[in-house]
Each structure stands twice: as structure tokens, then as C-alpha cells.
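Please open the model in your viewer and keep the selection tool handy. We will go from stop to stop, and at each one you will hear what to pick and what to look for.

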Amino acid sequence: MEQSNKRNEFKRLFGFFFENRVSRKQKKELKKKQKQEKKLIEEEKGKKKSPKTPKKKRNHSDKDLMLYLWSYIKPYKGKFYTLAFFMLLTVALGILAPLFYQEGLALVEAQDLSPELSKIFPFLLAYILIVMFKWFTEAFQRSTAAQLNSFISNDMRKRVFSDVLKNKIKFFDNAETGVLTGNITNDLQELYHTGERFVQVFTNLVRLVVTVAILFSFSPRLTGISMAFLPLFSLVAISLRKFSRRVARVWRKNFGKVNQSFSESMRSISVSKAFEREEENIRRFSDLNELTYKSSVQRGFAIFIMGPISDFLRHFLLVIILWVGTLEYNSQNITLAAFSLFIIMFDYYFYPLMSLARHYNRFQAMFGILERLLESSEKEELIEPDNYDIKPLSMQGDIEFRNVDFEYIPETPILKYITFKAKRGERIALVGPTGAGKTTIASIVMRFYDIKGGEILIDGKNLYDYDLTALRKSIGLVSQRVLLIKGTIRENLQLGNETATDSQIWEALDRVQAREFIELLPNGLDSKVSEKGKNLSAGQRQMISFARVLLADPKLIILDEATSAVDLYTEAKIQDAIDILLENRTSIVIAHRLTTILKSDLIVVIQDGEILEQGTHQELLEQNGPYHDMYNLYFETQSAKYLETIKTGR
Amino acid sequence: MMNGRRWVAKLAFNYPIATTYVIIFSLIEVLLFILPLSITADVIEAVLNGAVISDIRGKLFFLLGLAVFQALLFFTISFLNEVVAHRITTDMTQELFESLQYRSLTYHDGKDVGEIMARATGDTRTVNIALSPAVRIVLEVFVLWIVIFILTGMVHWILLIWSIVIFVVFVLATIRYSLKLVPYTVDLRENFGELSEITNTCFTGVREIKSFVSQPWAKRRYVKKVEKYRNIELATGKKGAWFYPILVVTFFAGTIIVSSIYFLYQGLFNVSFGDVIRLASLISLLTNMSEELGWSMEYLIRGNTSADRIYAIIDESDPGIHSDGEVHFNGKNATIEFKNVSFRYNDDLPWALKNIKIRVNHNQTVAIVGSPGSGKSTITKLIQRLYYPTKGDILIDGKPIQSYSNKSLRSHIATVEQDIFLFNTTVKENIRFGKPDASEEEVIDAAKLAQAHDYILALPLGYENLIGEGGVRLSGGQAQRLSIARALLVNPSVLIMDDGASALDAHTEIEIQAAISEILKTHTTIITTHRLSIISKADVVIILEKGEIVGLGSHEYLVRTNHFYRRLFERHYQLPPMEGKSEAPLIISPEESE
Ligand SMILES: Nc1ncnc2c1ncn2[C@@H]1O[C@H](COP(=O)(O)OP(=O)(O)OP(=O)(O)O)[C@@H](O)[C@H]1O
Ligand SMILES: Nc1ncnc2c1ncn2[C@@H]1O[C@H](COP(=O)(O)OP(=O)(O)OP(=O)(O)O)[C@@H](O)[C@H]1O
Ligand SMILES: [Mg+2]
Ligand SMILES: [Mg+2]
């Protein structure tokens, strides 16, 4: 492989120039994906004026963004002023030193060859001292800048994190966690590095102004002429701007894709193995990776191209200075020492400009990131309130759905005229074929999504009039998609109730029949749960997620297939144990196993988002409708030869 | 011994021409950059001696020509450097990805995705910066020093010695400084990994976090990491700010400039005005470059740390490694036999399976039942060879499972997993997962078998619909049917359904069963389930409890004899009377089970 690599060096390095590595098939796929993404976005926009529309232009002025940045700097004002002080000092010293140097040269030039050292010595000594001293002020400056920088970028980190958490579930439905994580961590890392450069460039700019002023005092004409190249310079920078912005955007997108693909494939490693997908995975990853390679090179190009250009301009400028300087000297307008000063100091104004141009797109990117940050906290439609300290509601637990309509995507109704009612302490069962909308009902009770029409009342009051966090604190949802968080078993259980004591925890675990297996683990409650709980069996995970909700002691409890991965015997034991607990709480139970719901006070049969019928088990059987059929079917298939009669519980 | 640095070097020399070009020509390029300084000094000297514009015009044009040439050379170098650097990091990412693909599940169980991702993304970028331009800058600084030696040597040998002394001090100081910085960068990268890990954890768990209103908890966890990271960043930043070797260079620059002026002033050693200018501009270039060196060294160190971190994963030993077998499994006789198999996921954990003895004949359907954590899924994973038995042997078609090649084995086994993992692509791509080149018809047929076709068509974009990360836009049962379709498409000889109907309603389940009943007759099928409808149709039922087999036989037999089996149903059904004590035959053959 290495051998062929060598032979293909040219192809591997520059292949992207000539060939399009994405196959047509994939391109089509990508296009489709983009189309759909766009559609989703547009749909969202149609519903509410979406802030997520990709905007080509920035909709915040630089001033807004600087003010935003300032809001982060403010808490560290002291550091900021220190930085400014050291910066000015450094600049001043940096300019002072060559002046002494120039004085020295001027003495020589004046042919003042008097043997006493005393005349030139002070200048030379001052020069050395200033240069050395400057190093210290510069180090102080750098150190302060680094501190300020990490304080600010980490404040931003915290801020962005909590801003992202504030987004509605809808946002996460359309997001990819890999990309999201990558963006947050890498954006801010980028911001940190840009911050470093920013201080440096800013220092240079101050120095530029001072330098130009000083040089001007020596020779206005020479200074003026050598400034003439400035327009040229800005022309180059500006013409590159568009390109660099575009490639940066493309790069960012591709980089995100590679990340997502990488992390998705790490998460799905067992499926990949089971389906012998490794080679295909590698092939696809390689395609994406190469695509990113191409855009990285393009992005790199936009940055490094400034190097040769500015080197050339620098030399060009040098020629001009030499040319004009010679003329000026010959016509006795400047001294040779001043002339040399130009040579020494022209870097002082050349380099700042160069670094400005070189980092220009970095600053562009910084503004871009800043804007994303600023916007992420402005998108009010997508944001949930964050008064997390609020107490749970002291609610009765009456719940009523009145003609509730709901859709995830506009024009695709999922729930239609859902109407049912339950009083405190009652048990409602939602049954129906898969995809009927049962989980959706649970989600809208949690207010993960907003309904489109109708009303949901809790204790007679509209669901949306409650405080969101208080509401969620009073409702417990055992979700169909069990998700344990990386950490210990205890941490997972305490998610619902941080102050739960060990005895409370064990009690909840007893109820869900999970004590035994946890006791067998080497570290008991403190055993590690790996990502998504993949080191536990599916049933064990379900039991823990059930216990977690019990610990939160909710007033209204929703069990969405809470025991689907548990065997009938264990399930029966769990049911017995929680029966007492559910006695005076309203509960909504969703299950395909009809044995689970026989005891309910109200059975709601849903199909395709509509309620077909509702009533108690007995009533529904007598109605001879869909429930009757469903029940019979279940009974027939689930009872084999010898298990003829099913016990109905109540 | 291979380490990150060597690995990167090895990768770089996969592109020998470009790498050599960059190294050699960047040395030359510095010289071309320095040459104008010298010409400038000459010009000034000439002017001092009364030259007029026409005398120096030639020099100036030469200078201009040189500038063009230098710019072109610089362009090619930085372009190639950039290309090679990105190529290397792309290769690194690829190698990392590939090496992880082939690691055992035992290995992956102990790994965290967030952590690996931090390496795959953050660390590769650091390496990239180290490669371009940090390495080049370091190289250039060295060339600059050599030029300084020559120039000072031309003035006086004492100055040469002085610059050599300074150079040595400078190099030593730089090394010392760099070594001190290393632990900081290691710490920094490690904590960065943790940071991205926690971010990732919180975002994947966002639905749970929201439903428990545990945002404060999540934030606390996050803030703790951020603050730790910040403290390390602060320490590193402070350390980086005091790149003291520069002080040495600054002092040196001061002395050289001062002494050259002094020499000129005193008329010593034939030092001319031009020499002073030459030295001064060169030295100020040196100080500027040395400042860049501080930054470059920091990135080199970071790059080195990052390369080590990435390489550490590539180089890491795989605790579950087994070499691939040679035998080709043709699926003609998919008999599976467990011979006293015991298994645990890791040495500290209790046994997940103890002394399992079973035999599943070709085309038999076996149902495994048992309470949560009893080891059902573990058995299915062992059959797929995702893990190897800790003790005992698994024989497939009479040969140990280890002797088969991965490819042939897995291409004949398909699974409906208990933890369904769906990809954030289209429905079609998800179904095609096990057979990427499957035709449209095959996909649709599989979807029809799995009773998924209808709902797929009802999605806004049908088979082209994106299903969201992990299939969030699908209901539980819809997701499960996708994974059934995915498994059926492969048309394996061994079909494993690990609780593959748990999210389905009775009606859908019956339809699927009806659709695949023909297929099942020609497949060896292993089903773990809690559904009586499935269990009762199996040829053999295995009852597991705490990793041990506590019952084995047909449904009719077990329901009358086995206490564990009866207790599954006795709550809900009227059971036939118990007949005698349960005594399970431990090895079964078709005769016994019928
Ligand atoms: N986040 C989402 N975005 C778009 N559509 C969705 C989303 N979640 C669910 N759906 C769709 O809404 C419908 C109802 O899904 P829901 O999860 O409520 O079904 P369910 O009754 O719980 O089914 P199951 O028994 O299979 O869990 C399905 O057709 C599904 O595809
Ligand atoms: N990757 C893993 N690492 C460590 N332990 C594991 C891992 N997977 C499972 N276990 C443990 O091994 C035991 C058997 O798990 P297994 O998944 O086989 O159970 P199961 O019978 O399939 O249960 P369920 O009915 O809940 O699916 C359990 O105690 C579980 O905690
Ligand atoms: Mg559901
Ligand atoms: Mg399992």
C-alpha cells in the first residue's frame, strides 16, 4: 500500500483538482438530503418566521457584534485595561528603541568621530535597555491577553451550552449531535485562537499609526509615497474576501459531515459488524474525508496566499523606498540616518497590514461565530424558558384533551381531534397499531412540541398556561426510547431527583425489580453506565429508566411501553409493585401488550391519529368494535394450545 | 518504537517529492528573502558614497526581479506545504477511522465516542497547524541563524563566537521551555476531550434532561469541566506568554546592533555603514522570526501531543482481538452448537453466561426466553461472533466459530437488534445497510415483508425520507420494522431476532409472521422474545435465568413441566396442570423437540 502511495503521490495530493471523488449516486443522495433539509427549514419558516433560514448576509452590524463581545469582556474590565496599558507601553517602547538607534546612526553620519564614548554610549545603552524592557512588557501583555482570552472564551462556552440546551426538542430533531458538539467545541476553540491573533493584530495597528506619524515627521514625502501601495493591498484583501468566505463555509460544512459520519459510525459499530459493513463504511468515510481534504486545501489556500503576495508587495515597497529615499537624500531632504530609519521601520507598518490581511478571514469567521452565538440567544421562538428552580406544581391530576390537532411537519397531520378526559387517580390506556400517534400524545403532554389546534387542560387550566419547567417537573415520562446517560447508575437515577437518598433509591429499584442485578454488579449503585447504557441489557435499562421516574415522584405519570423489554413474569411483579404507587396519581399507559392495560379505567383506541373508540375494557368488548377485534386477535395469537383463557385482571 | 512523531513523519514520506521540495526550498526561500536586505544595505552604502539614482537603478530592478522570483517560490512552497499538511491529516483521520472499524466490540465497549471524536477532530487540526506552517517557521529560523553566523563572522570572529554562544543558549532554553510546556499541552488536550465528551453526552440525552428539568444538573457537570479546562488553559497561556528564549535573542540583537554601531563609530574592523544596516535589519528580522518561533514551538508541541494521542488509539492493543479464520462459511448447514460456553464481558464483571450447552439444527427455530439480564442477547452476540466465549466452544457446522472468516460468517447471519440503531439518512439507505448494492425492488420487497412499505410511502418523501438522528422521526414500531427489513434484505442463512417484535402491535406482528413464515422454514432462526405468539411456534424453547439454562424443550413440554416457564404466563393465562418436576434435556436434537 505504501508503495502504491508513493507512486500515486501526485494523484493523492492533487487528484481533487481533476476528479470529482463523489460518485454521482452519492451526489444525488446528498442533493436529496439537502433538498429535504431545506424543505424542513422552509416548513418551519412557514409556520413561524423561522430564524433558521440560512442567511447569506449578516444581519447584525459589526458594531452590534462588538457590543456583544464587549458584554463578555465587561466582567474582566480590570484585565482588559491592564492589557491595553501593557499594549500601549509595548508599542511605545517598540518605537522608542529604533529612534535611539537612529540617533546613534545620526551621530556617526555627522562624522562626529570624537573618541569619547560618552556621546554615543547613552543612546546605545538606552537602546539595549529599552529592547530588553520591552520584552517584559510584551510578555505581560501576552499573558494578560491569554488570561482574558480564556476567561472570555470559556464564558462563551458556558453560555452557548446553556443556550443550546434551551432549544426546543424540534431543534434537536433536526440537528445532529455530532455536528452540534463539533461546532460548539471547535467554534470556540477557533474563537480562542482568533482572540490570540486579534490582540496581536490590534497591537500592530496601533503601532502602525504611531509609526506612520513618526515617519511622517522625518519625511512627509517618502511616507506619503510609500503609503501609496495601501490601496493595492486592500484591493487584494477584498478580492480574496469573497472566495475565502465561501471556502470557509464549505469547509465548515464538510468538516461537520466528517465528524458526524465518524461519530455515527463509532456509535453503530456493533450493527456495522453484524452486517459486515466495515469496508463500505470505510469507503464512504473516505469519500467524505477526501471531500473535506479538498475544501481544507481551498481554505488553506485562501489563508496562505496572502504570504507570497505580501512578501512581494513588501519588496516592491522596499524598492520604492530605496528609490524615493535616494532621490530625497540626493536632494538633501532627509538624512541618511532617517533614510535607514525608514528601512528599519517600514516593517512596522508593513507587517501589521499584512497580518491584518492574513487574518482577515479569521476575523470574518470570528464575526460569523459571534453572530451565531448572538443569534442562538435571540431565537425566541425556539427557546424554552429557563427558570429551572421553580417548584413542581401541586396539581390534582385531572387531564383533558379537547379536539387536539397536531402535526410535526405542516400539512402532515399526526393527531386529529383527540378528545378524552381522565380524573385524578385514573389510569388511561392508549392502544393502537404502531405509528398511531401514542408516543406523540405523550410528547405533547410534556410540551416537547406545540399543538396546532384544540386544547389540553390540566386541572381545568390550559396546559400552555402553566409554567413549562414546573409542568415538566410534575409529569414523569418513562420514554419508549430509553436513554441512560453516561455516568454511574446512581447518577442516572438521581437525574429525576437529585436529593434522593440511598434508601429511596433502593425502594424504587425494588419496585421495578432491579435490586438483584444491581447488587450483583461489582460497584453496586456506583457502577459505571457507559454511553447510552450499552453495557446493560435492554430490560435492565428499561427498569432503571422506570425507577428514575418513580424517584421523581411525579403527579402525572406516563408509561410509554415502559416494560416492553421485560418478560411477563417480571412485568407482573413490577405492576403489582407500582399499583399502590399509581393509586392516587393519574397515569397514562401505552402498551402493545394488552395484558398491561386490562386494569385501566379508560382505554382509548387510536389509529392513524384518530380516536376510534374509548371506554373501559368491558364496555369496549361489548361495543364489538376495533378494540374487540384487537383483543381477540391478541388473545388468539398470544395464547397457544393450552393457554386458553386469559385472565382479565379486574 | 513508533510514536506520534514518527508516525507523522512516515505519513509525510508517503509524499516524498512534495515533502522534500518543501523542506529544501523553504531553506532557499529564506535566503532569497534575506538577499534584499543585503542589497538594501549596499544601496544605502552607495548612496552614502554619493551614488545617484541612475547608479542604483540596476540594483533596484534586480531587487524587483528577485521579489517576483521569491514570491513565486514562496507560493509553491506554501501551497505544497499546505497540501501535504492537509493530506497527512486526512490520512491520519482515515487511518484512525479504519483502525477503529476493525476493533473488537470488547474494545469499543470501553471507549467513549466523545473522547475519540475529540481526537479525530481537534487533534488532527492541531497537527495540521504544526505541519503548516509551524515546522517551516522553525526550519527558517535555523537558516536565519546560519546567515547570522556568516555575517557576524565576516565582521569579526569574536562576534561569530558571541552569536554561536547565544545560539546554543537559545536552543537549550527553547528545548527546556518546550519540555516544560509538554505536560500542559497533554493536560489541555485531555481536558478538551473530556469537555467534548460531556457536551456530547448532554446533547444526546437532551430529551431526558428536558423531561426531568435537569438542565441545572447538566450545566453543573459541564461547568465543572469548563472550569477545569479554563484553569489549564490559563496556566498554559501564561507559560506560553513567557517564552523566555526570546529574551536571549533580544539581548543578543541589542548587543550586535550596538556593537556594530560602536565599531562603525570607532572605525574598527572596517565596519561600514552598509554592514551596520545589514546586520541591523537581519537581526530585527531574527527577533521577529524568533517571536514566531515561540508560537511555532507551542504548536509543534501541541501537534506532537496530538499526534501521540491519535497514534495512541491506533497503536492501542485490542483486548478482544482474534485473528480472522480461513474457512469459508457457505451457510448450507447452519447448525449451531454451544459446548459448555461461559462468557463474561470483562474480568471484573459477573458471568453473563454459565456453562451453556445447546444445539440448534439447520433450519430450526429456537426461542430464548428469560428475565432481563439473563443473557439472551449475549447468546445472540456470541453467535454473531461479536464476542468470543470466555470458556468453551461454539461450533458452527461442526467447526469452531473462530475458524471461519469474518466476511463469510457475517454475510450469512443477519440480526434484528434489540437496540435498534438507525442512521440519519434516507429510509432506503437504512434498509440497504447490510447490502449497499441492493436494487430498488429488493429494498421494497424487504420493506413489504417487514410490513413497512405502507408507512414508508406515507412519509413525505417515501423511501427518500430522512429519518433523523437515530430515527427520531419514526415511531418505535416503525423503527423496528425498518430494522427487520434491513435484516431480511440480507437474506441470511441464520436470522437472529433479538426481541424483534417488542414494539409491534399484535396485528402487525401477525402480518410479519405470515409474510416471513416461508422464509423462516429455510433459515436457522434464533428469536429472543417475551411474546407467547412467537415462543409457541418455535421448535425449541430455551429458558435462561441468570446466565444458566433452566429449561429446554418444546412449548407444550415446558408449559407442563417447567416452573420458570409456567410462571411467565400463570398471571395472565389459565395454565394446564403441572406434570412432575422439570428436568430439561441439555442437548437437544430435532427428535426430542418435536
Ligand atoms: N419527530 C417526528 N417528526 C416527524 N414525524 C414524526 C416524529 N415522531 C413521530 N413521527 C411520526 O408520527 C407518527 C406517530 O408516531 P408515534 O411515535 O406517536 O407513534 P406510536 O403510536 O407511538 O407508535 P409505536 O407504537 O410504534 O411507538 C408516525 O407516523 C411517525 O412517523
Ligand atoms: N457490553 C456489556 N458490557 C458489560 N456487561 C454487559 C454488556 N452487555 C450486557 N451486559 C450484562 O450481561 C448480562 C446479560 O445481558 P443480556 O443483554 O444478554 O441480557 P438479556 O437476557 O438480553 O436481557 P434483556 O431481556 O433485558 O434484553 C446483564 O447482566 C448485562 O448487564
Ligand atoms: Mg410509540
Ligand atoms: Mg437483550
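## First stop: a histidine at the chain boundary

Select Ala565(A) and His530(B): the backbone oxygen of Ala565(A) lies 3.1 Å from a polar atom of the His530(B) side chain. Bear in mind, here and at every later stop, that this is a predicted model.

Where along chain B does this histidine sit? His530(B) is in the loop between strand E8 (524–528) and helix H18 (532–535) of chain B.

Now show what touches His530(B), leaving out residues up to four places away in sequence. From chain A you will find Ser564(A), Ala565(A), Val566(A), Asp567(A), Leu568(A) and Arg593(A). From chain B come Gly370(B), Lys376(B), Asp499(B) and Ile535(B).

Is His530(B) buried or exposed? Its relative accessibility is 6%, and because buried means under 20%, His530(B) counts as buried.

## Second stop: ligand 2

Next, select ligand 2, which lies between chains A and B. It is surrounded by 22 residues, and the closest are Ser537(A), Gly539(A), Lys376(B), Ser377(B) and Thr378(B). Lys376(B) may look familiar, since it is also one of the residues that His530(B) touches.

Three polar contacts are worth a distance label:

- Thr378(B): an N or O atom in its side chain is 2.4 Å from an oxygen atom of ligand 2.
- Gly375(B): a backbone N or O atom lies 2.8 Å from an oxygen atom of ligand 2.
- Tyr345(B): a polar side-chain atom lies 3.5 Å from a nitrogen atom of ligand 2.

Switch on the surface: of the 640 Å² of accessible area that ligand 2 has on its own, the protein covers 91%. In cartoon view, colour helix H21 (538–552) of chain A and H11 of chain B, the elements that give two or more residues to the shell around ligand 2. H11(B) gives the largest share of that shell, with four residues.

## Third stop: the magnesium ion, ligand 4

Select ligand 4, a magnesium ion. Which atoms coordinate this ion? They are OG of Ser377(B) and OE1 of Gln418(B), at 1.8 to 2.0 Å. This pair brings together distant parts of the chain, as the two residues are 41 residues apart. Ser377(B) is in helix H11 (residues 376–383) of chain B, while Gln418(B) is in the loop between strand E6 (413–416) and helix H13 (427–431) of chain B.

Colouring by accessibility sets the two apart: Ser377(B) counts as buried at 14%, whereas Gln418(B) is partly exposed, with a relative accessible area of 22%.

## Fourth stop: ligand 1

Move on to ligand 1, which has 19 residues around it. The closest are Lys438(A), Thr439(A), Thr440(A), Ser475(B) and Gly477(B). Why is this site shared between chains? It is shared because the residues that surround ligand 1 come from chains A and B.

Label these contacts next:

- Gly477(B): a polar backbone atom is 2.6 Å from an oxygen atom of ligand 1.
- Gln478(B): a polar side-chain atom lies 2.8 Å from an oxygen atom of ligand 1.
- Gly476(B): a polar backbone atom is 3.3 Å from an oxygen atom of ligand 1.

The protein covers 91% of the 630 Å² of accessible area that ligand 1 has on its own. Two or more residues of the shell come from each of H16 of chain A and helix H16 (476–490) of chain B.

## Fifth stop: the magnesium ion, ligand 3

Select ligand 3, a magnesium ion coordinated by Thr439(A) (OG1) and Gln480(A) (OE1), at 1.8 to 2.1 Å. Here too the pair links distant parts of the chain, 41 residues apart. Look for Thr439(A) in helix H16 (residues 438–445) of chain A, and for Gln480(A) in the loop between strand E6 (475–478) and strand E7 (487–488) of chain A. Thr439(A) is partly exposed, at 29% relative accessible area.

## Last stop: chain A as a whole

Zoom out and show chain A alone, with its 24 helices and twelve strands. To colour by domain, use domain 1 (2–47), domain 2 (57–217 + 357–378), domain 3 (220–333) and domain 4 (399–625). The C-alpha centres of domain 3 and domain 4 of chain A lie 53 Å apart. Of the 650 residues in chain A, 58% are buried.

Methods:
Residues numbered from 1 in each chain as written. Chains lettered and ligands numbered in written order. Predicted model: local features only at pLDDT ≥ 70, side-chain atom pairs only at ≥ 80, totals over all residues. Heavy atoms only, no water. Domains from an automatic or database assignment. Donors = N, O, S within 2.8 Å, 3.2 Å for Na, K, Ca; no water. Buried < 20%, exposed > 50% of the residue type's maximum accessible area, 1.4 Å probe, protein only. Polar contact = N/O pair within 3.5 Å; in protein donor to acceptor, adjacent residues only side chain to side chain. Contact = heavy atoms within 4.5 Å. Near = heavy atom within 4 Å. Areas by Shrake-Rupley, 256 points an atom, 1.4 Å probe, with all protein chains shown as cover.
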